[in-house]
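Trainee: May I ask for a close look at one part of this structure, namely its interior? Please explain the reasoning at each step.

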Amino acid sequence: MNAALIWLIASILLFAAEIITPGFVLACFGAGALVACIPALLGLGIVWQVVVFALGSLLALFLLRPLLQRLSKNKKAPTTGMDALIGKKARVVRVVSAR
């Protein structure tokens, strides 16, 4: 099996595993594995591939992860049901008796 194909499969698996884990850590390793495809396609040895994988993963961890975390915290979950009524004004149209 071609080394570039192995790196590509590893990156797809890491991106897929990120879906079920919090923190955007596996996505950074997936980005590193995707970048490691480049030296593999150029025919460089495994040492270069691992070095590029490590550098790509570290760069993604320190640059991409904070950005993704900031973007994910800005999105508020939509409120529904009774929670959506908190703070709203209403007009009473019927007498409500407390028993």
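**The buried interior**

Mentor: Cys28 counts as buried, because its relative accessibility is 1%, under the limit of 20% that defines a buried residue. Please bear in mind that the model is predicted. A second cysteine, Cys37, also counts as buried, because its relative accessibility is 8%.

With two buried cysteines under discussion, one should ask about bonding. A disulfide is a covalent bond between the sulfur atoms of two cysteines. How many disulfides does a search of the whole structure find? The search finds zero. The distance supplies the reason: the cysteine sulfur closest to that of Cys28 belongs to Cys37 and lies 16 Å away, so the two are too far apart for a bond. From the other side, the sulfur of Cys37 has that of Cys28 as its closest cysteine sulfur, again at 16 Å, and therefore no bond can be assigned there either. The cut-off used for a disulfide is 2.5 Å.

Cys37 leads us onward, as it is one of the six residues of the largest nonpolar core; its companions there are Ala4, Trp7, Ala33, Ala36 and Ala40. Two helices, H1 (3-18) and H3 (37-41), each supply at least two residues of this core.

Consider next one core member, Ala36. If neighbours within four places in sequence are set aside, Ala36 is in contact with Trp7, another residue of the core. Its further contacts on that basis are Gln49, Val52 and Phe53.

Ser11 adds to this picture. Ser11 is located in helix H1, and this serine is classed as buried because its relative accessible area is 1%. Once residues up to four places away in sequence are left out, Ser11 touches Ala33, together with Gly30 and Leu34. Ala33 is itself a residue of the core.

Finally, let us place this interior within the chain. The chain holds four helices and zero strands, so the order along the sequence is written α-α-α-α. Buried residues account for 18% of its 99 residues. The radius of gyration is 24 Å, whereas a compact globule of 99 residues would have one near 13 Å. The C-alpha atoms fill a box of roughly 80 × 25 × 20 Å along the principal axes. Of the contacts with a separation of 6 or more, 53% join residues 24 or more positions apart. On the outside, the chain exposes about 8000 Å², of which carbon and sulfur atoms supply 72%.

Definitions and conventions
Residues numbered from 1 in each chain as written. Predicted model: local features only at pLDDT ≥ 70, side-chain atom pairs only at ≥ 80, totals over all residues. Heavy atoms only, no water. Core = buried A, V, L, I, M, F, W, Y, C linked by side-chain atoms within 4.5 Å. Buried < 20%, exposed > 50% of the residue type's maximum accessible area, 1.4 Å probe, protein only. Contact = heavy atoms within 4.5 Å. Rg over C-alpha atoms; globule rule 2.2 N^0.38 Å. Areas by Shrake-Rupley, 256 points an atom, 1.4 Å probe, with all protein chains shown as cover.
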